[in-house]
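Here is a set of short exercises to work through with the structure open beside you. Try each task before reading its solution.

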Amino acid sequence: MTSQNRKIVLLPGDGIGPEIMRVAVRVLKDCASEFGHHFEFAEFPFGGCAIDASGMPLPAETLAACRAADAILLGAVGGSKWDALPIGKRPESGLLALRKELDLYINLRPIDLRPSLRSLSPLNADRSRDVHIDIIRELAGDIYFGEHRVESDASGERATDEAVYTTGEVERVAKYAFARAEARTGRLVSIDKANVLATSQLWRRTVTRLAADHPGVKLEHLYVDNAAMQLVLAPAQFDVILTSNLFGDILSDLGAALVGSIGLIPSMSCGPGPSLYEPIHGSAPSLAGKDVACPVGTILSASMMLQESFGLKQEADWIKSSVDRLFLQGIRTADIAEPGMTTVGCSEFGERLHVEMLGALDHHKRSSRGV
């Protein structure tokens, strides 16, 4: 095994962000210690806390550090404290700016229903057996990055949000999705609204054209409203989903509901430079400081970082299997606890995971020596 030296920038952010970040960083430190790697961590302000400190959600020093990192781990941003600010000045605008500045045009959200949590799914037993979906969302275009304006006249206000896509923007994310499908089961569903939207018509034409270069992938197109229905009725039909920025934002949250909690879902945003990893849940300001938040989405984001950015599959699997064993033992945070199980807080879940991970590794080492 070759040891690695990696620089990881930490953006704890707002609300529960710092709490869940502490747990994930401990997991990464355990990984470095036990597998002989060196991870250098550097923490920077981002989001609402950065607005409070410097007046802007993405300070120049934070952006510079992110550019120089091997990977970035984000907690969460936002909260009611900053809701009155204009759209371009709010904490969330820092996240959009970071994606744009780092050219993070692909977002990958794995929707996996863990067997130990199947009872939490709103799906019945038959439909919840095989939910393992990679949702690939275009992240740098669409209505989030178009022009936003509000105009007033005698009749009242008129608000406009512009959705824009170019052929090149669709091509680059579609190529990633085809490659992902080729590495999995060879099934790809592209989701749009081509019956009414010009951007979706461009999307469908481009994806269809690229399919000729990937004969091993079975491509299907669905309208977004039908896709949402099918995700609930028959989620096992999906393996890799490709869709636009707006639709991907909505459908991935729906996917999170299928597996029991939005607090369980990690994500990766990537492009030509360092990738950004984060849970898909929000900052949950009402839970901040109470030590009750679920850190699993952030833990799995850290695991995803190890596998996708650093190629450390064994280490990533070690983390995920340890989380699963805790779940099977009935160790849960309040959002995913069930009657008769042990409900723990954020920090205690992290402590128990630390013990479980080291215990599993020690057992593996002893077994390999024949002890």
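**Exercise 1. Find the accessible surface of the chain and the share of it that belongs to carbon and sulfur atoms.**

Solution. The model is a predicted one. Its chain has an accessible surface of about 16,000 Å². Carbon and sulfur atoms contribute 52% of that surface. Next, turn to burial: 51% of the 371 residues count as buried.

**Exercise 2. Compare the radius of gyration of the chain with that of a compact globule.**

Solution. Start with the expectation: for 371 residues, a compact globule would have a radius of gyration near 21 Å. The chain has 21 Å, so the two agree. For the outline, the C-alpha atoms fill a box of roughly 75 × 50 × 45 Å along the principal axes. Then look at the contacts with a separation of 6 or more: 75% of them are between residues 24 or more positions apart.

**Exercise 3. Trace the open sheet of 10 strands and say which strands stand at its edges.**

Solution. The chain has 11 helices and 14 strands. Ten strands make up an open sheet with mixed pairing, in the order 2-1-3-12-11-4-5-10-8-9. Read the two ends of that order: strand 2 (38–43) and strand 9 (218–223) are the edges, and each has a single partner strand, so one side of each lacks a neighbour in the sheet. From one strand to the next, the twist averages 25°.

Now look at one end more closely. Strand 8 (residues 187–192) pairs with strand 9 in the parallel sense, over 6 bridges. Within this pair, Ile 191 is opposite Leu 222 of strand 9.

Finally, add two helices that pack on the sheet:

- Helix 4 (residues 91–101) touches strand 1 (5–13), strand 3 (71–76), strand 5 (132–138) and strand 12 (275–279), and its direction makes about 150° with that of strand 12.
- Helix 6 (residues 198–211) touches strand 5, strand 8, strand 9 and strand 10 (240–243), and its direction makes about 170° with that of strand 9.

**Exercise 4. Work out how strand 12 is paired and whether its residues are buried or exposed.**

Solution. Take the pairing with strand 3 to begin with: strand 3 and strand 12 run parallel and are joined by 3 bridges. Ile 72 has Leu 276 of strand 12 as its bridge partner. On to strand 11 (residues 266–270), which pairs with strand 12 in the antiparallel sense over 4 bridges. Here Ser 269 stands opposite Leu 276. Strand 11 and strand 12 are joined as a hairpin through 4 residues.

Now consider the side chains. In a regular strand they alternate between the two faces of the sheet. In strand 12, Ser 275, Tyr 277 and Pro 279 point one way, while Leu 276 and Glu 278 point the other way. Because 5 of the 5 residues of strand 12 are buried, the strand is largely enclosed by the rest of the structure.

**Exercise 5. Describe the cover and pairing of strand 6 (residues 148–153).**

Solution. Count the buried residues: among the 6 residues of strand 6 there are 0, and the strand is hardly covered. For the pairing, strand 6 and strand 7 (residues 156–161) are antiparallel over 6 bridges. Arg 149 has Thr 160 in strand 7 as its bridge partner. The two strands form a hairpin, with 2 residues between them.

**Exercise 6. Explain why Cys 270 is not bonded to Cys 66.**

Solution. A disulfide is a covalent bond between the sulfur atoms of two cysteines. The cut-off used here is sulfur atoms within 2.5 Å. The closest cysteine sulfur to that of Cys 270 belongs to Cys 66 and is 15 Å away, too far for a bond. Cys 270 counts as buried because its relative accessibility is 8%.

Apply the check to Cys 294: the nearest cysteine sulfur, that of Cys 346, is 8.0 Å away, and Cys 294 is in no disulfide. Cys 294 is buried too, with a relative accessible area of 6%. The structure as a whole holds 0 disulfides.

**Exercise 7. Locate Arg 114 and list the residues it touches, leaving out those up to four places away in sequence.**

Solution. Look in the loop between strand 4 (106–112) and strand 5, where Arg 114 is found. The cut-off for buried is under 20% relative accessible area, and Arg 114, at 15% relative accessibility, counts as buried. Beyond its sequence neighbours up to four places away, Arg 114 touches Leu 300, Lys 320, Asp 324 and Phe 327. As a last step, check Arg 129, 15 residues from Arg 114 along the chain: their C-alpha atoms are separated by 9.3 Å.

Methods
Residues numbered from 1 in each chain as written. Predicted model: local features only at pLDDT ≥ 70, side-chain atom pairs only at ≥ 80, totals over all residues. Heavy atoms only, no water. Pairing = 2+ DSSP bridges. Axes fitted to C-alpha atoms, helices over the stretch in contact; angles between N-to-C directions. Contact = heavy atoms within 4.5 Å. Rg over C-alpha atoms; globule rule 2.2 N^0.38 Å. Buried < 20%, exposed > 50% of the residue type's maximum accessible area, 1.4 Å probe, protein only. Areas by Shrake-Rupley, 256 points an atom, 1.4 Å probe, with all protein chains shown as cover.
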